[in-house]
Amino acid sequence: MKIILLGAPGSGKGTVAKRIENRIDIPIISTGVILRDAIDNQSELGMKVKSIMSKGELVPDHLIMEIIKERVIRVDCKNGYIMDGFPRTIQQAYSLETLNAELNAKIDYVFYFVISFSEIIQRLSGRRVCKKCGFNYNLSFNPPKKENTCDICQGKLIQREDDKEITVKKRLQVYNEQTMPLKKYYEQKNILIPVEAHSSENAFNSIMEIIKKGK
Ligand code: AMP
């Protein structure tokens, strides 16, 4: 099963993706995680994207497609994947379609996370991420038991560089301009399913119900 999670930064895609992965055992492909790892490892890719990401802008489509092309053909994707944060531009959606045609594959569902921008700003400013296992917390809604420490692995919690207020505003502007058009694109293809994302729990349950029912 091939799933795309489409939604603004901070709409809960990452959290829900992890729960789907645990339930149906297909891997998450998160371009954001792959890029942040590249920066941490100071790889060639990391060097290229570091300043772009810290400004809240999008990494060029050709670099993203190199990552995706290499990732979807790995053996762990044989039963599908959950795309989190990709595609993010119409050009990426076209390229994915071309790639899937070559691989004789197709996207089954695009789940669109419905949530207000005011809630997103509140969520992102309070978001803290475990440096070790990647688990997300929120200082207001889901704080860790011990300050700055992951409940699960005791790793250190950090604020993502691009979750700082000025960058958040830029990311939301970029989302509106470059990613929102994908909603219409997938609507027209009849594979877009809106899910209410005010609560990640609800979003996850709605998605699982739809998947269980099948098409
Ligand atoms: P995310 O973790 O999905 O919020 O992504 C963090 C940042 O990585 C974004 O603000 C972009 O700079 C970059 N990024 C992640 N995915 C993509 C993508 N599909 N296309 C372009 N840039 C991306």
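Student: Which helix gives the largest share of the shell around the ligand?

Tutor: A residue belongs to the shell if one of its heavy atoms lies within 4 Å of the ligand. In this predicted model, helix 2, residues 31-40, supplies 4 residues, the largest share.

Student: How many residues surround the ligand, and which are the closest?

Tutor: The ligand is surrounded by 16 residues. Thr31, Arg36, Glu57, Arg88 and Gln92 are the closest. Sorted by class, the shell holds 6 charged, 6 nonpolar and 4 polar residues.

Student: What counts as a polar contact with the ligand?

Tutor: A pair of N or O atoms within 3.5 Å counts. Here the side chain of Thr31 has an N or O atom 2.8 Å from a nitrogen atom of the ligand. For the side chain of Arg36, an N or O atom is 2.9 Å from a ligand oxygen atom. With Glu57 the backbone takes part: one of its polar atoms is 2.5 Å from an oxygen atom of the ligand.

Student: How much of the ligand does the protein bury?

Tutor: The ligand exposes 480 Å² when taken alone, and the protein buries 96% of that.

Student: Now strand 4. How many of its residues are buried?

Tutor: A residue is called buried if its relative accessible area is under 20%. Strand 4, residues 109-114, has 5 of its 6 residues buried, so by this cut-off the strand is mostly covered.

Student: In which sense does strand 4 pair with strand 1?

Tutor: Strand 1, residues 2-6, pairs with strand 4 in the parallel sense over 4 bridges. One bridge partner pair is Leu5 and Phe111. Strand 4 also runs parallel to strand 8, residues 192-196, with 5 bridges joining them. There, Val114 has Glu196 as its bridge partner.

Conventions. Residues numbered from 1 in each chain as written. Predicted model: local features only at pLDDT ≥ 70, side-chain atom pairs only at ≥ 80, totals over all residues. Heavy atoms only, no water. Polar contact = N/O pair within 3.5 Å; in protein donor to acceptor, adjacent residues only side chain to side chain. Areas by Shrake-Rupley, 256 points an atom, 1.4 Å probe, with all protein chains shown as cover. Helix = DSSP H or I, 4+ residues; strand = E, 2+ residues; numbered from the N terminus. Nonpolar A, V, L, I, M, F, W, Y, C, P; charged D, E, K, R; others polar. Buried < 20%, exposed > 50% of the residue type's maximum accessible area, 1.4 Å probe, protein only. Pairing = 2+ DSSP bridges.
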